[in-house]
Amino acid sequence: MLRSISAVFALLCQLIAPAAAQDAARSSECLAMSGLPPRATPVSLRLAAGTPDEVAITYAGHSTYYIETPAGVRIATDFSGAYRSGRLPDVVTMNRAHSTHYSLFPDPGIPTVLHGWGDDGKPAQIARRIGDVYIRNVTTDIRRYFGDDSNGEMIRDGNSIFIFETAGLCIGHLGHLHHKLDDSHFAAIGRLDIVMVPIDGAYTMSLDGISDITRRLRASVVLPMHRFMTPLDEFMRKIGQQFEIDLRNERTLRISRQSLPSAPTVIILDGV
């Protein structure tokens, strides 16, 4: 009898898991759009601020960007607490590379804390709607850190690529990415309008590797992060001439789906 119950339970788990993944896919506009051709969009990135569908993205430092949705949901990526900008975020995402990308003791006033790794030894599975933003993740492996031994043992699913869907925009943050992405990763990510990419060239992955990923994602806007001393012209040379560059004097980008550039553009915010 117990064996029969166990068998039925195992079968139900197998059926529920794909169903949950399908529900997440149905909730994601970015996955629904991933097979469509690129949108024709206006060239200007400098429309007047304050439109109802506008998202504000602010560079705080290292790999931390603050994303504020039209409804006022405030998100901080790879949050350690060291890089602050404005009021306390409503949502923080974290990755476990090292302590500049997470905090095990975040401010208790932060309502939602999302770990990019599984606390129970299983991959993190995030599919949350919070206000006007839908947040999901795609896991990747990560190196074990001891003197940054690039040949060290990998921790399976230790990093998460987070995708934030709001105001018709698909915004991706690659986290502390340590390896190339395969077709299954790209399929799970779907379409990105804006992507935040680490360009240190060493602690995460090589510039050649991250450039290949950036080209394949072909987001309308590329926001570099985790830069250190990487020459920007070297990154631009590697990703190719199809990407334009826009060097800004401010830390905040205000953007809507309607104001996405018609050609892929690398936007360098102040502080990067």
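**Entry 1: helix α4 and what comes after**

I started at the end of helix α4, where R218 comes next with a positive phi, near 45°. This is a predicted model, so I'm keeping an eye on confidence as I go.

Next I went back into the helix. Which residues of α4 are buried? I noted L207, G209, I210, S211, I213, T214 and L217, in a helix that spans residues 207-217. The general rule helps me read that list: an α-helix has 3.6 residues a turn, so residues three or four places apart point the same way.

Then I asked what covers the buried residues of α4. The cover includes two helices, α3 (183-189) and α5 (232-239), plus the strands β10 (194-198) and β11 (221-225).

**Entry 2: the disulfide**

I looked for disulfides and the count came to one. C30 is joined to C170, with 2.2 Å from S to S. A reminder to myself: a disulfide is a covalent bond between the sulfur atoms of two cysteines.

Where do the two cysteines sit? C30 is in helix α2 (residues 29-33) and C170 is in strand β9 (residues 169-173). They are 140 residues apart, so the pair links distant parts of the chain. I also checked the angle about the S-S bond: it is -110°, and the link is left-handed. Buried or exposed? Both C30 and C170 are buried.

**Entry 3: strand β9 and its partners**

C170 made me curious about the rest of β9. Five of its five residues are buried. L169, I171 and H173 lie on one side, C170 and G172 on the other, and both faces are covered.

I then looked up who pairs with β9. Strand β8 (residues 154-166) runs antiparallel to β9, with five bridges between them. One pair I found there is F164 with I171 as its bridge partner. β8 and β9 make a hairpin with two residues between them, and A167 in the turn has a positive phi of about 55°.

With β10, the pairing is parallel and has three bridges. Here H173 has M196 as its bridge partner. So β10 turns up twice in my notes, as it is also part of the cover over α4.

**Entry 4: the six-stranded sheet**

Now for another sheet. In what order do its six strands come? I read β5-β4-β3-β2-β1-β13, an open sheet with mixed pairing. β5 (112-115) and β13 (252-255) are at the edges; each has a single partner strand, so one side of each has no neighbour in the sheet. From one strand to the next, the twist averages 15°.

I zoomed in on one pair. β2 (residues 64-68) and β3 (residues 74-76) are antiparallel, with three bridges. R74 in β3 is the bridge partner of E68.

T93 belongs to strand β4 (residues 91-94). It is buried, with a relative accessible area of 0%. Leaving out residues up to four places away in sequence, T93 touches A76, T77, D78, F79, L114, F162 and F164. F164 is the residue I had already met as the bridge partner of I171.

**Entry 5: how far to trust it**

Last, I checked confidence. The chain has a mean pLDDT of 78, and 73% of its residues reach 70 or more. Among the elements, β3 has the highest mean (97) and helix α1 (residues 2-27) the lowest (46). Residues 35-50 fall below 50, though this stretch has 33 contacts in the model beyond near neighbours in sequence. Residues 146-150 are below 50 too, with six such contacts.

Conventions
Residues are numbered from 1 along each chain as its sequence is written. This is a predicted model: local features need pLDDT of at least 70, side-chain atom pairs count only at pLDDT 80 or more; totals for chains, interfaces and linings use all residues. Side-chain values use heavy atoms; hydrogens and water are left out. Two strands pair if DSSP finds at least two bridges between them. Helices (H or I, at least four residues) and strands (E, at least two) are DSSP runs, numbered from the N terminus. Axes are lines fitted to C-alpha atoms, for helices over the stretch in contact, and angles run from 0 to 180 degrees between N-to-C directions. pLDDT is the predictor's confidence in each residue, from 0 to 100. Contact means heavy atoms within 4.5 Å. Buried means under 20% relative accessible area, exposed over 50%, partly exposed in between (1.4 Å probe, protein chains only). A disulfide is a pair of cysteine sulfur atoms within 2.5 Å.
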